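Hello,

Here is the structure I said I would pass on. Please open it alongside the notes below.

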Amino acid sequence: MTILAGAFRLLGGIALSWLAVVAAVFVLLRLTPGDPVDMFLAHVNVGPAPAIVAAYRAQWGLDGALAGQFLRWLHGFLTFDWGVSFETGRSVAADFSARLPYSLAIGAGGMAIATLGGFFLGFFAAHRQGGLADVLSRGLAIAGQSLPAFAVGLVLLWILGVELRWIDAFSGGPVERVLLPMFLVAFFSLGSMSRLTRIGFVEVKQSTYFRTALAKGRSYAGALWVHGHIAGLLTLIAGLAPELAWIVGGTAVAEIVFGVPGISERVVQAVAFRDYAILQTYVALVALWITLVIQCARLLRRKLDPRLL
């Protein structure tokens, strides 16, 4: 019964957190200057006659009270009826489905590279403090906090595409469309994740059981790995949540810089047209993903260390 109650409490917390985020964004979008119907009619050079405006507002679900609009949108989202784009008239679900593979590969791939690379770099940085790996991880962390992502992406395009001519700058295959954006996303998280992992390993180096393992004849690296990998993983997972926001934002920057036809590129276009159908669905999906990952990370930390309640 306790396990069942905990599961309901966890799911309830996820649902409430997600609902609070999407409701706040729903209201903020409506408060943003610029009416989507007026902007659309101006774009297609049609006069804003009252009958035409009313017809479009009814078609796009913008008529009625704000609470009623939100409930209609929420029912549509939960039933996978995400509406149509105000700008293109295409189904939002179909548009996102066509673009999802690019965004998923860049975002998830970049996060995987940063997580795995940061973990092992953090281990070597802790193994020899002040050594090459330690200096490298510190340099990457500083660069990730100080350099603008779009500038780094443009420099990559200039060096690899213009100077060396190894890639086609704004076209090409998987290298230009996926691998380079993926590594750009990973670059800005790798340093911070390695420093977090290093903290866990360094704490273990100061423990009595680590010194006991050395006294029993274990190698320095072996003792650090056996007794420290859980601690390093715990600190890495604890710092994963703030990096999720960068993964989302970094994917958007990478798609724009490298001209990748992903979801984030479509969202940037939707902002100019106040395309609520695109923007609200995107925020809802991102909020759901971040909430689930944070909760999974919390459960994993509790599994690795039962002392965490």
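**Overall fold**

The protein has 13 helices and zero strands. Keep in mind that this is a predicted model. Read along the sequence, the pattern is α-α-α-α-α-α-α-α-α-α-α-α-α. The C-alpha trace spans about 85 × 65 × 30 Å along its principal axes. The chain has 309 residues, and 41% of them count as buried. I also looked at contacts between residues at least 6 apart in sequence: 75% of these join residues at least 24 apart.

**Largest pocket**

The largest pocket holds about 490 Å³ of space. It is lined by 20 residues, and those closest to its centre are L100, S103, L104, I263 and V286. Which helices each supply at least two residues of this lining? They are helix 5 (92–127), helix 11 (240–258), helix 12 (263–272) and helix 13 (276–304). Helix 5 gives the most, with eight residues. By class, the lining of the largest pocket has 15 nonpolar and five polar residues, and no charged ones.

**Second largest pocket**

The volume of the second largest pocket is about 370 Å³. Its lining is made of 18 residues. Nearest the centre lie W60, G61, W73, W82 and G83. Helix 1 (2–31), helix 4 (66–78) and helix 13 each give two or more residues to the lining of this second pocket. Helix 4 has the largest share, four residues. The class split of the lining of the second largest pocket is nine nonpolar, six polar and three charged. Helix 13 is thus worth a look in both places: it supplies at least two residues to the lining of the largest pocket and two or more to that of the second largest.

**Helix 7**

I checked the geometry of one helix. Helix 7 covers residues 149–163, 15 in number. At 1.5 Å a residue, helix 7 should span 21 Å. The end C-alpha atoms are 20 Å apart, which agrees with that expected span. Which residues of helix 7 are buried? They are A149, V152, G153, L157, L160 and G161. Seen down the axis of helix 7, these buried residues fall within an arc of 140°, so they line one face of the helix. After helix 7 comes R165, with a positive phi, near 55°.

Best wishes

Conventions
Residues are numbered from 1 along each chain as its sequence is written. This is a predicted model: local features need pLDDT of at least 70, side-chain atom pairs count only at pLDDT 80 or more; totals for chains, interfaces and linings use all residues. Side-chain values use heavy atoms; hydrogens and water are left out. The expected span of a helix is 1.5 Å times one less than its number of residues. Buried means under 20% relative accessible area, exposed over 50%, partly exposed in between (1.4 Å probe, protein chains only). The arc is that of the directions from the helix axis to the C-beta atoms. On a 1 Å grid over the protein atoms alone, a cavity is a set of points where a 1.4 Å probe fits but cannot get out, and a pocket is an open set with protein on both sides within 12 Å along at least five of seven lines; lining residues have an atom within 4 Å of a point. Grid points are joined across faces, edges and corners, and a volume is the space filled by probe spheres set on the points. Ala, Val, Leu, Ile, Met, Phe, Trp, Tyr, Cys and Pro count as nonpolar, Asp, Glu, Lys and Arg as charged, and the others, Gly among them, as polar. Contact means heavy atoms within 4.5 Å.
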